[in-house]
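Thanks for making time. I'll walk through one chain today, starting at the surface and then moving inward. Please have the sequence and the structure open.

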Amino acid sequence: MELVIALAMKFWQWSILIALVILGFVINLFDKKIDDKRVSFKYTDMPHMKPISIKTKGKGFWKGILMWLLGVRHWEIVKDFTFELEGKKYVIPRGFKFDGASIPKFLHTFLSPVGVLLMGGLVHDYAYKYETLLMQGPKKQTMGIITQKRADEIFRDIGIEVNGFFLMNYLAYWSLRLGGFMAWNKHRKVNAKIK
């Protein structure tokens, strides 16, 4: 027994992960499953993206270290990503830059920002930046102005439909409800417009 405790203390990150997986499994057994589609998210192709380099050269030692420790990888959509939401077709145009799901860097070992939360994160980042989603077609029609809460709900519901992890998606949703206002307000100050 002492050996098990010693190993658990030495490899505490894995101990936490294992405990969370077991907790998630137990919660998932009793989790409320909803068979109907939440937002009826559909897509035919995965998003085509390229990584944007993290420019640390010439930043100096301390700023470079901070960028390495706290910075996140950004991605650029290189081909229009089309999808369907609640029966309507939308597009995230080529050239859109995003960082994926906003996951604290110390958790990236266990949960990638462009892993199981990619689809919800991409649509959510676009909705946060422009306060709407762009409809597919020659005219630049949108779904209309949406609230931060609606963007967060879309993220949660796409995640549940795509990956089926109710608990993880609700945890991510509540994290957005608590801290997402910082990114939302930053974009409102910039007042980004659809190109």
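Start with phenylalanine 106, which sits in the loop between strand 5 (97-98) and helix 4 (118-130). Keep in mind that this is a predicted model. Is phenylalanine 106 buried or exposed? Its relative accessible area is 65%, and the cut-off for exposed is over 50%, so phenylalanine 106 counts as exposed.

Phenylalanine 106 belongs to a nonpolar patch on the surface, together with Leu3, Leu7, Phe11, Trp14, Ile18, Ile22, Phe25, Val26, Leu29, Leu107 and Phe110. Together these residues have about 1200 Å² of accessible area. Two elements give two or more residues each to the patch: helix 1 (2-10) and helix 2 (12-30). Which of them gives the largest share? That is helix 2, with six residues.

Next, the charged pairs. How many salt bridges are there? The count is nine. I'll take a few of them.

Lysine 79 pairs with aspartate 45, and their closest N and O atoms are 3.6 Å apart. This pair links distant parts of the chain, with the two positions 34 residues apart in numbering terms: lysine 79 is in the loop between strand 2 (74-77) and strand 3 (81-85), and aspartate 45 is in the loop between helix 2 and strand 1 (49-52). Both ends are partly exposed, lysine 79 at 42% relative accessibility and aspartate 45 at 39%.

Another salt bridge joins arginine 188 and glutamate 131, at 3.5 Å from N to O. Here too the pair links distant parts of the chain, 57 residues apart. Arginine 188 is in helix 7 (residues 181-190), and glutamate 131 is in the loop between helix 4 and helix 5 (148-163). Arginine 188 is partly exposed at 22%, and glutamate 131 is partly exposed at 21%.

A third example stays inside one element. Glutamate 153 and arginine 150 form a salt bridge at 3.7 Å, and both lie in helix 5, three residues apart, about one turn of the helix. An α-helix has 3.6 residues a turn, so residues three or four places apart point the same way. The burial labels split at the 20% cut-off: glutamate 153, at 19%, is buried because it falls under that value, while arginine 150, at 23%, is partly exposed. There is also a network of salt bridges that links Arg38, Arg156 and Asp157.

Let me stay with helix 5. What span should its 16 residues have at 1.5 Å a residue? The expected value is 22 Å, and the end C-alpha atoms are 22 Å apart, which agrees. Of those 16 residues 13 are buried, so helix 5 is largely enclosed by the rest of the structure. After the helix comes glycine 164, with a positive phi near 75°.

Last, the inside. The largest nonpolar core has 35 residues, and those touching the most other members are Phe41, Phe83, Leu85, Ile92 and Leu133. Strand 2, strand 3, strand 4 (88-92), helix 4, helix 5 and helix 6 (166-179) each give two or more residues to this core. Helix 4 gives the most, eight residues.

What does phenylalanine 41 contact, leaving aside its neighbours within four places in sequence? Its contacts are Phe81, Phe83, Glu84, Leu85, Met119, Val123, Ile158, Glu161 and Val162.

That is where I'll stop.

Definitions and conventions: Residues are numbered from 1 along each chain as its sequence is written. This is a predicted model: local features need pLDDT of at least 70, side-chain atom pairs count only at pLDDT 80 or more; totals for chains, interfaces and linings use all residues. Side-chain values use heavy atoms; hydrogens and water are left out. Patches are made of residues with over 30% relative accessible area and no salt bridge: like charges are joined within 9 Å, nonpolar side chains (Val, Leu, Ile, Met, Phe, Trp, Tyr) within 5 Å. Accessible areas come from the Shrake-Rupley method with a 1.4 Å probe; for residues, only the protein chains shown count as cover. A salt bridge is a side-chain nitrogen of Lys or Arg within 4 Å of a carboxyl oxygen of Asp or Glu. Helices (H or I, at least four residues) and strands (E, at least two) are DSSP runs, numbered from the N terminus. Buried means under 20% relative accessible area, exposed over 50%, partly exposed in between (1.4 Å probe, protein chains only). The expected span of a helix is 1.5 Å times one less than its number of residues. A nonpolar core is a set of buried Ala, Val, Leu, Ile, Met, Phe, Trp, Tyr and Cys residues joined through side-chain atoms within 4.5 Å. Contact means heavy atoms within 4.5 Å.
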